[in-house]
Amino acid sequence: MKYSYIKPRKKTPITPELQIIFTFFAMTLIMLFLTYAFLLYKDYTFKKERQTTIEQKKELKANIKDMQKQISFIQKQKALAEKVFTQNMVLKDSIANLFDLVPQRITLSHAKLLKNGLILYGITPNKDVYNFMLQAPLRSIFHKTYSSFYPAKNGWLMFVSKNYMDEAQARELDSEN
Amino acid sequence: MKINISRQYVYILLLSVSLFLFVIIFSFGILIPKGKLYRESRLELLKENAELRKYQDFHDKTLKQLKELQSKNRHVITAFGTAFSPDRFEKQHKSFFSSLRVSKIARSEDEEGFATYEVNTTSQISSPKNFYNFLDALNKSNWIIGVNFPIDFKRDGEMIKSSFTMKVYTDNKDKNATASESVAK
């Protein structure tokens, strides 16, 4: 005998209310674990990136140090090269000045250019020509000037002129160059 | 008074409370400290990146400076690195002299950290002008060479015999050791 017109529902422990609650629970837990996983992943990538950055920084530092060494070495080379080139040019001017200094009436046979002096051997028609035209300008340049004469076969005078600078002045000129 | 709650609701309530407790403990015990750590790590990384950018900028600046220096001083750098060859020197400079002889390459004291070699030179020139041209050419040669005192000029008929010492500067300390004497006429 039937007491109802509808079929009886099956009884289950998971009621719709429970289903809603479980869904809510599951969503909450998934969100929590996803956040945690995100934080773990980010922490890992940050650590990795930081390590890479530190390594790059180390590499850059080493490169910079190396380049600075190269720069200072090139600057040193440049300074020395300029010093040498200037010395050559000063030497050229000094030799040019020396030959310009010798008057036409005096003939040089030998010239020795020293670091702190100049020794000239030559022939002059007479002492006056030598004294006025060569010794005077030499005296204005050098501190000590010694001259000696001896007669030549043609009646002219052969001379040896030794001229020296003070050590201090020679050093000064050297450092200027 | 009797409260009539079904067993199912009691289970649900217990489950909710335990989830609530789990969420609280998990959040405060793990998530929040981890979040703080994340924030700190991010800030630290940003700081590191900013520092790296600074280093990169300085690196680029230094590299530019080095390249500029290298291109401006190419001749000097090459000259310092070239081993002195008496034969090549004579080939390059014999046009200034009637005869040129380069000999005795000897190591002398290092100067400003560079190796120096002394070379004796004897030559004949027809006029001092040739010697001036030689000095000009010396500054453009393949080596860094300075003419040293004493310099000797001696009349020899219509010619001038000259002898002088040259100092060759190099940053390569071994290259010149095998260089030998050479004569060109």
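# Close-up views of a predicted two-chain model

**View 1. The two domains of chain B.** In this predicted model, the centres of domain 1 and domain 2 of chain B, taken over C-alpha atoms, are separated by 73 Å. Domain 1 of chain B covers residues 1–72, and domain 2 of chain B covers residues 84–184.

**View 2. The contact between chain A and chain B.** On the chain A side, 47 residues are in contact with 53 residues of chain B. Two elements of chain A, α1 (16–101) and β1 (107–113), each give two or more residues to the side that touches chain B. The largest share of that side comes from α1(A), with 39 residues. By type, the residues on the side of chain A that touches chain B are 24 nonpolar, twelve polar and eleven charged.

**View 3. A strand pair across the two chains.** β1(A) pairs with strand β3 (residues 144–156) of chain B. The pairing is antiparallel and extends over four bridges. At one point of β1(A) and β3(B), A:H110 has B:K154 as its bridge partner.

**View 4. The largest nonpolar core.** This core holds 35 residues, and B:I144 and B:V168 touch the most other members. Elements from both chains supply at least two residues each: α1 and β2 (117–124) of chain A, and α2 (74–81), β1 (99–111), β2 (114–125), α4 (128–138), β3 and β4 (159–170) of chain B. With five residues, α1(A) gives the most to this core. Leaving out residues up to four places away in sequence, B:I144 touches A:A81 and A:V84 in chain A, and B:A79, B:F80 and B:Y169 in chain B.

**View 5. Helix α2 of chain B.** The buried residues of α2(B) are B:V76, B:I77, B:A79 and B:F80. Seen down the axis of α2(B), these buried residues fall within an arc of 165°, so they line one face of the helix. The face turned away from that buried side carries B:R74 and B:T78, which are exposed. Packed against the buried residues of α2(B) are α1 of chain A and three elements of chain B, namely α1 (7–72), β3 and β4.

**View 6. Helix α4 of chain B.** B:F131, B:F134, B:L135 and B:L138 are buried in α4(B). Around the axis they cover an arc of only 100°, which puts them on the same side of α4(B). The cover over the buried residues of α4(B) includes α1 of chain A, along with α3 (86–93), β2, β3 and β4 of chain B.

**View 7. The two faces of strand β2 in chain B.** In a regular strand, side chains alternate between the two faces of the sheet. The covered face of β2(B) carries B:A115, B:Y117, B:V119, B:T121, B:S123 and B:I125. On the uncovered face of β2(B) are B:F114, B:T116, B:E118, B:N120, B:T122 and B:Q124. β2(B) pairs with β4(B) in the antiparallel sense over eleven bridges. Within this pair, B:S123 has B:S162 of β4(B) as its bridge partner.

**View 8. A hairpin in chain A.** Strand β3 (residues 144–151) of chain A is hardly covered, and zero of its eight residues are buried. β3(A) runs antiparallel to strand β4 (residues 157–164) of chain A, joined by eight bridges. A:Y146 stands opposite A:K162 of β4(A). The two strands β3(A) and β4(A) form a hairpin with five residues between them. In the turn, A:G155 has a positive phi of about 90°.

Definitions and conventions: Residues numbered from 1 in each chain as written. Chains lettered and ligands numbered in written order. Predicted model: local features only at pLDDT ≥ 70, side-chain atom pairs only at ≥ 80, totals over all residues. Contact = placed C-beta atoms within 7 Å. Nonpolar A, V, L, I, M, F, W, Y, C, P; charged D, E, K, R; others polar. Pairing = 2+ DSSP bridges. Core = buried A, V, L, I, M, F, W, Y, C linked by C-beta atoms within 7 Å. Buried ≥ 20, exposed ≤ 12 C-beta atoms within 10 Å, placed from the backbone. Domains from an automatic or database assignment. Arc of directions from axis to C-beta.
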